[in-house]
Amino acid sequence: MTDSLRAFCRDKLASLDERRQRRTLEPTARLAGARPMTVARGDRVLVDFSSNDALGLARHPRVVQAAAGAVREHGAGAAASRLVSGNHPLFALLEERLAKTKGTEAALVVGSGFLANSGVIPALVKEGDLVVVDALAHASLMTGVRLSGARTLVVDHNDTTAFARALDERASFARCLVVTESVFSMDGDRAPLEALAALCRARDAWLLVDDAHGFLVSPHEPPVARFADVVTGTLSKATGSYGGFIAGPRVLVDLLTSRARTLVYSTGLPPSAVAAALAALAVVDEDPALMARPRDLAARFCHATGLPAPASHIVPLVVAPGPGDEERALALMSALEREGFLAVAIRPPTVPPGTSRLRLSFSAGHTDEDVDALAAAVRKHR
Ligand SMILES: *Cc1c(COP(=O)(O)O)cnc(C)c1O
């Protein structure tokens with residue numbers, strides 16, 4: 001390796017260490033036959049409150065069987081971009097099914113939620129256009145925004161007045177895209193979609209909403225597509241599989257099929273991932289009550305620990321804010337791990353400085369007893 005590259009890596013890592021921001025990968029086994037929501041780390045079996053498997057479908061027997069069957073029938077990989085020869089027929093079934101679930105004319109499946117967001121934004125706006133984006137938008141949305149080259153205004157989280165002020169600049173740009181999330185991944189709160197949609201309509205701005213954490217777990221909320229022009233999502237969370245999608249009008253999907261570089265220049269999903277997603281959607285069709293369960297469990301936990309009622313199945317357990325918060329979050333994580341729970345500490349730069357937290361994510365795969373035991377452990381150690 002070139003000396004200068006070695007030195008570059010070493011210096012960067014030293015500065016991450018100094019800020020306590022170096023990340024490492026922890027082997028975490030998720031065994032198909034194990035009790036739902038448990039994982040093995042080292043010699044410990046832990047109940048996982050950090051996964052995004054919000055409906056417990058990643059290891060559901062029907063989903064596992066569908067994936068295994070698709071591997072046997074179609075092989076392990078798609079072998080090419082969907083635009084070349086990688087578009088096996090399962091894609092059309094899934095896209096039809098996603099469009100129906102989202103209430104849109106059409107949907108387009110891509111490799112992941114990250115690829116959906118980083119592909120769709122540069123296909124819609126460029127230099128000379130304006131993007132107005134919520135400050136807490138996911139890194140994949142920010143990546144798409146940066147790639148687009150559009151003028152970007154980052155506005156205070158969920159601050160409708162700040163969005164309105166940013167949109168006052170709209171007239172100086174050719175096109176304008178407003179970017180936010182339905183349910184925010186690290187805080188679990190919801191965007192004021194109705195107000196944002198009204199602002200966008202008044203200014204001829206397009207509204208893109210990332211529904212990664214709302215999909216299949218927001219049965220009591222109005223459909224996101226009622227407000228958004230473009231909806232993005234992932235198959236990797238409540239759907240229990242892997243992949244991402246963009247949902248919207250047919251003409252938008254037709255354009256993205258030619259212009260979203262993350263679709264055009266990336267291999268199609270393995271057939272097993274598509275089959276697993278289809279099976280997961282079928283499980284939810286047959287048991288729609290499943291969708292309300294994660295948030296009900298989050299509410300049960302919040303009630304037991306004296307936290308305010310949650311807006312979704314995601315509950316941020318922010319440790320006392322301010323300096324040293326990273327260490328406090330890591331200490332609480334270790335204490336809970338000793339009690340049999342996996343609740344991973346989320347630290348800057350994933351969240352703003354001083355707001356390190358355990359991000360708890362409740363799932364239909366958890367039992368009432370799991371949640372009550374976690375609440376007792378949190379009361380004891382917090
Ligand atoms: C997880 C997540 C993504 C990325 O989805 P993947 O399928 O995991 O790549 C995008 N946006 C938000 C808000 C997310 O939470």
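**Strand pairing and the ligand shell**

Visitor: Which residue in E9 is the bridge partner of Leu 108?

Guide: Helices (H or I, at least four residues) and strands (E, at least two) are DSSP runs, numbered from the N terminus. Strand E3 (residues 106–110) and strand E9 (residues 244–248) pair in the antiparallel sense over five bridges; two strands pair if DSSP finds at least two bridges between them. In E9, the bridge partner of Leu 108 is Ile 246.

Visitor: What pLDDT must side-chain atom pairs have in order to count?

Guide: Residues are numbered from 1 along each chain as its sequence is written, and side-chain values use heavy atoms, with hydrogens and water left out. The model is predicted, so that totals for chains, interfaces and linings use all residues, local features need pLDDT of at least 70, and side-chain atom pairs count only at pLDDT 80 or more.

Visitor: How many of the five residues of strand E3 are buried?

Guide: A residue is buried under 20% relative accessible area, exposed over 50% and partly exposed in between (1.4 Å probe, protein chains only). One side of E3 carries the buried residues Ala 106, Leu 108 and Val 110, and the other carries Ala 107 and Val 109, also buried. Strand E3 is largely enclosed by the rest of the structure because its buried residues number five of the five.

Visitor: Which are the edge strands of the open sheet of seven strands?

Guide: The order of this sheet is E3-E9-E8-E7-E6-E4-E5, with mixed pairing. An edge strand here pairs on one side only, which holds for E3 and strand E5 (151–155).

Visitor: By how many degrees are neighbouring strands of this sheet turned against each other on average?

Guide: Axes are lines fitted to C-alpha atoms, for helices over the stretch in contact, and angles run from 0 to 180 degrees between N-to-C directions. With direction ignored, the average turn between neighbouring strands of the sheet is 20 degrees.

Visitor: Which residue of E8 does Leu 208 stand opposite?

Guide: Strand E7 (residues 206–210) pairs with strand E8 (residues 230–234) in the parallel sense, over three bridges. In E8, the residue opposite Leu 208 is Val 230.

Visitor: What share of the ligand's accessible area does the protein cover?

Guide: The ligand is surrounded by 15 residues, each having a heavy atom within 4 Å of it. A polar contact is a pair of N or O atoms within 3.5 Å; within protein, one must be able to donate a hydrogen and the other to accept it, and residues adjacent in sequence count only if both atoms are side-chain atoms. A polar side-chain atom of Asp 210 lies 2.5 Å from a ligand nitrogen atom, while one of Thr 234 lies 2.7 Å from a ligand oxygen atom. Of the 380 Å² that the ligand has accessible on its own (Shrake-Rupley method, 1.4 Å probe; for residues, only the protein chains shown count as cover), the protein covers 87%.

Visitor: Which helix gives the largest share of the shell around the ligand?

Guide: By class, the shell has two nonpolar residues (Ala, Val, Leu, Ile, Met, Phe, Trp, Tyr, Cys and Pro count as such), three charged (Asp, Glu, Lys and Arg) and 10 polar (the others, Gly among them). The largest share, three residues, comes from helix H4 (residues 113–124).

Visitor: Is Val 84 buried or exposed?

Guide: Val 84 lies in the loop between helix H2 (61–74) and helix H3 (90–102). Its relative accessibility is 66%, so Val 84 counts as exposed.
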